[in-house]
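Dear colleague,

I am handing over the structure we spoke about, together with some notes on what turned up when I went through it. Please have the view open beside you as you read.

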Amino acid sequence: MCCWYSLPTELLIDIVNRLPSSAVRALAATSRSSHSLCLPALFASVILPSAESLHSFALHVPRHYGHYILSLSVCIERKSAQSDHLSPTDALVTILSTSSRLQSLALSLASSLDPLKIIPAFAHLKNVHTFDMRNCGSEEDTPLSERLAVSLAASLPSLAHLRLSRISRSAACVDLCDVPYNVPIAMHDFDIPLHPRLGADLALPSLLTLPTLRVLEIRDTWLGADSKLAVNSDQSRPCIEKLLLTGNMYTSDNPVLDNDAYTAWVRACGPSLHTLVLGTALAPKVDFVPLSPSLVSHSERELSWDNEETELPPISHLHIDASLVTVDTLSSTMEVLSDCGIARVTISYGDGTSSPEPLGEEDDFTRQCALDDLEEWRDAIEEFLQSLGSGQWHALRQIEITFGKDVRMMWEL
């Protein structure tokens, strides 16, 4: 019988990589050689669910193990009132400084980080292609500034996929007169230094100028200040291929600004955009929206096109998140996107990235809710299709609704 340790190293590594994490931990505990063999698999994906675990990892895990980390997920939320002598920023910088092979980074922050320390640390992460940043605390008490988010994202030279959630707009980037009364604003973010490439232009729309960015997801973030957003024709066009917008949880005093802002983001992505995921409804543009001169000049100074408004870009795939978008807004959304040449429309719970779970017989209530939703969306789709005139939506080939593996409907056109 062949001995385990007589197998070629390449084969041993391949076997370890196929094992579940619990089996890898068990194998690593059998001997020193097995421990060394399992180290890359053990530390390939690191999840630190609290500030305490972050501090413990930074203090007790050998620093050279950072070379094994490919994916790092950190939540900087305290589970106890006990204070540590190492700040969350210092602990995170300690880990990132040795994570030379890191490819995916997710930060869930209950408070902001020290920009003077964290931004330089990001500049050394040459291989990170996916970055997820969200505020897990109270936006009213600890807003997470858009200027910090943009500066961190722009510091990653290989960033291709960016997810932002519950990011607060900065008082330095928006006109406070146009911000609804209940939208939290980051007021004290002036310690964020100038970015080497973007300078002081650290508003969210500056993300569209990142040359490597292909997928941009913005969730639960107020975008109403961007209704005049456009792209400077002198700059390189955005390379965004997929855009996800879910709207925000705040009631706007001027919903027209929000509607125009979502459309403006779609328009600003330009011809590279192929997939649009909506967790918010769109509405046709009105003739006139009162806007303060300071906000107009700021938007035009950052990103401006010609004076004439450009058309929306061609989009091949539209996905609608039915858990966030009501069925009665379908017609207005489709009206806005009627000239985009959309070939495929999908509707489901969520952003469409995960496969639907089958609804078991024991969950009759959930199944009935899904069936009721399917019926409502089916009626709306049928009404939409009947309202189409000749030449409208000429590129549309398929509409699919999926609320479960066994709760779905499709139209082939």
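A good place to begin is the pair of leucines Leu72 and Leu105, the latter lying in S3, which are bridge partners of each other. They belong to a longer pairing, in which strand S2 (residues 71-76) and strand S3 (residues 104-109) run parallel and are joined by six bridges. Please keep in mind throughout that the model is a predicted one.

From S3 the pairing continues to S4, again in the parallel sense and again over six bridges, with Leu107 standing opposite Met133 in S4. Between S3 and S4 the chain passes through H6, and the β-α-β crossover made in this way is right-handed.

These strands are part of a wider arrangement, for twelve strands form an open sheet with mixed pairing, in the order S1-S2-S3-S4-S5-S8-S9-S10-S11-S12-S13-S14. At its edges stand strand S1 (45-48) and strand S14 (407-412), and because each has a single partner strand, one side of each is left without a neighbour in the sheet. On average, and with direction ignored, neighbouring strands of this sheet are turned by 5° against each other.

Further along the sheet, I would draw your attention to strand S12 (residues 344-348), of which four of the five residues are buried, so that the strand is largely enclosed by the rest of the structure. Strand S11 (residues 317-321) pairs with S12 in the parallel sense over five bridges, and within that pairing His317 stands opposite Arg344. Strand S13 (residues 398-404) also runs parallel to S12 and is joined to it by five bridges; here Thr346 of the one strand faces Glu400 in S13, while Ser348 stands opposite Thr402.

S11 and S12 are also linked through a helix, since S11, H10 and S12 make a right-handed β-α-β unit. Helix H10 covers residues 330-336 and includes Thr333. Is Thr333 buried or exposed? Its relative accessibility is 3%, and because buried means under 20%, Thr333 counts as buried. If its neighbours within four places in sequence are left aside, Thr333 is in contact with Leu278, Ala281 and Leu282.

The other helix that deserves a careful look is H7 (residues 146-154), where nine of the nine residues are buried, so that the helix is largely enclosed by the rest of the structure. What do the buried residues of H7 pack against? They pack against helix H6 (115-123), strand S4 (130-135), strand S5 (161-165) and strand S6 (169-170), so you will meet H6 and S4 again here. Among the buried residues of H7 are Glu146 and Arg147, besides others such as Leu148 and Val150. At the start of this helix, a side-chain oxygen of Ser145 comes to within 3.0 Å of the backbone nitrogen of Arg147.

Finally, some figures for the chain as a whole. Its secondary structure comes to eleven helices and 14 strands, and 50% of its 413 residues count as buried. Among the contacts between residues at least 6 apart in sequence, 79% join residues that are at least 24 apart. The accessible surface of the chain comes to about 19,900 Å², and 53% of this belongs to carbon and sulfur atoms.

With kind regards

Notes: Residues numbered from 1 in each chain as written. Predicted model: local features only at pLDDT ≥ 70, side-chain atom pairs only at ≥ 80, totals over all residues. Heavy atoms only, no water. Buried < 20%, exposed > 50% of the residue type's maximum accessible area, 1.4 Å probe, protein only. Helix = DSSP H or I, 4+ residues; strand = E, 2+ residues; numbered from the N terminus. Contact = heavy atoms within 4.5 Å. Polar contact = N/O pair within 3.5 Å; in protein donor to acceptor, adjacent residues only side chain to side chain. Pairing = 2+ DSSP bridges. Right-handed = clockwise from strand over helix to strand, strands pointing away. Areas by Shrake-Rupley, 256 points an atom, 1.4 Å probe, with all protein chains shown as cover. Axes fitted to C-alpha atoms, helices over the stretch in contact; angles between N-to-C directions.
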